[in-house]
2 protein chains.
Amino acid sequence: MTEIEKLAYKAKEASRELSVLSAEIKNRALHEMADALITNKEEIKIINKIDLDKAKKNAITGAMFKRLELTDIKIEQMADGVRQIAQLADPIGETIYGYLRPNGLDVKKVTIPLGVIGIVYESRPNVTADVAALCLKSGNAVVLRGGSEAINSNMKIAEIINKAFCASGIPENTVNIVKTTDREAVMELLKQKAYIDCIIPRGRKTLIKTCIENSTIPVIEHGDGNCHVYIDKDADMNIAYDIVMNAKIQNPSVCNACETLLVHKDVAFEFIPKISTMLKESNCEIRGCTKTLALTNNAIPAQESDWETEYNDLILAIKIVDDLEEAISHIKEYGNTHSEAIISNSFTAIERFKSAIDSSAVFINCSTRFNDGYELGMGAEMGISTQKLHARGPMGLKEMTTYKYIVSGNGQCRK
Amino acid sequence: MTEIEKLAYKAKEASRELSVLSAEIKNRALHEMADALITNKEEIKIINKIDLDKAKKNAITGAMFKRLELTDIKIEQMADGVRQIAQLADPIGETIYGYLRPNGLDVKKVTIPLGVIGIVYESRPNVTADVAALCLKSGNAVVLRGGSEAINSNMKIAEIINKAFCASGIPENTVNIVKTTDREAVMELLKQKAYIDCIIPRGRKTLIKTCIENSTIPVIEHGDGNCHVYIDKDADMNIAYDIVMNAKIQNPSVCNACETLLVHKDVAFEFIPKISTMLKESNCEIRGCTKTLALTNNAIPAQESDWETEYNDLILAIKIVDDLEEAISHIKEYGNTHSEAIISNSFTAIERFKSAIDSSAVFINCSTRFNDGYELGMGAEMGISTQKLHARGPMGLKEMTTYKYIVSGNGQCRK
């Protein structure tokens, strides 16, 4: 057995014990873990500095450096996050449904953990703690393969977690770090189908692509979002201004931020001049279609490529459409079924939009920014799934489970 | 665009129209399809004869030949199956759950079709009709890639289906056959991630392996089952005899048939002699552990490989175990989490068994043969999924759907 195979095998062993642990034991361990993160705050920062110094040497700056850095506040937030997860309802052992068959068989569909979850991620060492807590709560063991840039921080955090877990009666090898950070290690991890039940990549497009193309284990994609807001001719204009500003400006770097605004031609003459001024005041660049350019001086011409770009930045593409159907066609052509919003008071328009758009979340008179586990009431999330199988949209604790059928009888045989 | 890319693209286009079709239209089309299969019975048999003649030339006989052959009865059964699917509840548009958030957002999680399902299958041309009906009912378009041995039958059936569907207002390209039957066609199909949402392989292990190793599209495995029945020391012996005979003999060639029998040592002296005689009378070969051999003359010695073999035949491996825990360990080591049964009257033993065993279905005092869509009340099934993501156990109409969130508000923005 190779190192990675051994790691995956041991995680599978641990997962069997984890699957039958009581919520009480798991929650106690999560509180122990939160306490340990706080107690070891200084040590975490010392180790984190090794990664930060390496980053400086490699000329890593700006947002990437920030993501790598563990401050007092970030460590406290990590611990708070873990305590919040401890408060959530246990997702295991829930009877999803149950019924009696005509022959007297009692059928129950009951939630169980997935088993072992493999996470391939980049830079942010706080992911290590978030993921460990979510996995324990959902009864899963986890194999974490972070990037080389954060390896020291990741290993330190995992060491603290494992110590706290062991003291609370959680099996060894519940949280496992792949220490080798080269590409070969990822490739090997993606082939451990015998032991790992699911791979979740978190990071850049290229990372996700590598996982999809090489994994024999099912992958749950957490991709980016090219999200649209459509302003219908029957929109309440005040709501429209608020929502466009919120969806674009409040946090432009995230996957549920708006990237393209579609405006019905009947309201464009009123809407475009005002929104473009508001966006300009928030330092947002506008790339508009020809019709948009005719209504504002604040825009530059949009290229074909703008319709398919997820800027993750203070840039917004704007297109004026003839009607709802053109908006729907545009979203189908350029969108990637993440989050789409319609602003309208027309019942007919809303019904058509919500049935024709098959995005993971469709928003009616509210912001695309609500496509989020906390905001939709799941309490915590592993990320936003952008695929159709198993989990769609926010992947909370429930989505980290599978199920089995328990069928009870008194001697029934098949005829 | 290549031929296969074009096919997949057109299927995606069709799936968009399909997703908003009413149950009424879909059900009418299914009845038209059933009628058309009956009306064209003679034509189907004539075309099927081309495939059968080819099979004879290739010296294909026995079960494989039988699977390929379409008789009057088989065609009538196909039509009946389609009519039954028409009677089932429509799985689309169901609100799985809904709630109000504190900020007034109304959240609904609603079922929608997966989109386009790709099926890679072998020999049995009746699968073409089953799958087409299940896909239409669940609002999905389908791309079917059958084997070369059944290509003429498959294409004829698809032609009849498409004609019936078109006459009923179903979009063109709902049912699509890949006409090229070489390996390259499968490889290309498995890369159409832009248009196909899910691949379901149905056939031999090698076929499933090819799909898992080469697909960039999520795969739902329908593998074999190495199913166990465990006779506890507190078992009702009459129930135990009945269930072992049913699980092994009633249809030994299927995935939910029993392959290994585990017997508690305290009841072995009573149980083994009688069951081995009963099995012998049904022409079932027994491969036993040393302790089993001491209790019957009807068995030959089991090899290590027997514990991991899915015979799909009238062969049963028998092992005497010291206790429940040894039975559980054996199942964990050799089983593949398909279907496992315990025969016992002990509440404690049953509770332990059902929590420790994470098979897709755990059976208590009833036969493993009930792991089946019809038997568990789903009305019809695509197959038995042997993986943990999305669908586990019988994959019925509900498991052929995904969901989206519909979030309604009156101007809510994220804080």
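The following exercises, each with a worked solution, concern a predicted model.

**Exercise 1. Confidence**

State the mean pLDDT of chain A and the scores of the model.

*Solution.* Step 1: chain A has a mean pLDDT of 95. Step 2: 100% of the residues of chain A reach 70 or more. Step 3: for the model, ipTM is 0.93 and pTM is 0.93. A general caution applies to any such reading: where pLDDT is low, predicted coordinates should not be read in detail.

**Exercise 2. Relation of the two chains**

Determine which rotation and which shift lay chain B on chain A, and name the kind of axis.

*Solution.* Step 1: two copies of a chain are related by a rotation about an axis and a shift along it. Step 2: here the turn is 180 degrees, the shift along the axis is 0.0 Å, and chain B then fits chain A with an RMSD of 0.0 Å. Step 3: this is therefore the relation of a two-fold axis. Step 4: within chain B, the residue that comes closest to the rotation axis is His390(B), with its C-alpha at 1.9 Å. Step 5: of the interface residues of chain B, 100% are also interface residues in chain A, so the copies meet through the same surface.

**Exercise 3. Positive phi outside glycine**

For Thr337(A) and His390(A), give phi, locate each residue, and decide whether each is buried or exposed.

*Solution.* Step 1: Thr337(A) has a phi near 55 degrees, a positive value in a residue other than glycine. Step 2: Thr337(A) belongs to the loop between α13 (324–334) and β12 (339–343) of chain A. Step 3: the cut-off for a buried residue is 20 or more other C-beta atoms within 10 Å. Thr337(A) has 23 such neighbours and is therefore buried.

Step 4: His390(A) is not a glycine either, yet its phi is positive, about 70 degrees. Step 5: the loop that holds His390(A) runs between β14 (384–385) and β15 (393–394) of chain A. Step 6: with 22 other C-beta atoms within 10 Å, His390(A) is buried as well.

**Exercise 4. A helix pair**

Describe how α6(A) and α7(A) pack, and classify the residues of their contact.

*Solution.* Step 1: two packed helices are described by the angle between their axes and the distance between the axes. Step 2: for α6 (residues 126–137) and α7 (residues 151–167) of chain A, the angle is about 35 degrees and the axes are 8 Å apart. Step 3: the crossing of α6(A) past α7(A) is right-handed. Step 4: α6(A) contributes Thr128(A), Ala129(A) and Ala132(A) to the contact, while α7(A) contributes Asn154(A), Ile157(A), Ala158(A) and Ile161(A). Step 5: these residues comprise five nonpolar, two polar and no charged.

Notes
Residues are numbered from 1 along each chain as its sequence is written. Chains are lettered from A and ligands numbered from 1 in the order in which they are written. This is a predicted model: local features need pLDDT of at least 70, side-chain atom pairs count only at pLDDT 80 or more; totals for chains, interfaces and linings use all residues. Helices (H or I, at least four residues) and strands (E, at least two) are DSSP runs, numbered from the N terminus. A residue is buried if 20 or more other C-beta atoms lie within 10 Å of its own, exposed if 12 or fewer, and partly exposed in between; C-beta atoms are placed from the backbone. Copies are superposed by least squares on the C-alpha atoms of residues with pLDDT of at least 70 in both. Two residues are in contact if their C-beta atoms, placed from the backbone, lie within 7 Å. Axes are lines fitted to C-alpha atoms, for helices over the stretch in contact, and angles run from 0 to 180 degrees between N-to-C directions. A crossing is left-handed if the near helix is turned anticlockwise from the far one by less than a right angle, and right-handed if clockwise. Ala, Val, Leu, Ile, Met, Phe, Trp, Tyr, Cys and Pro count as nonpolar, Asp, Glu, Lys and Arg as charged, and the others, Gly among them, as polar. pLDDT is the predictor's confidence in each residue, from 0 to 100.
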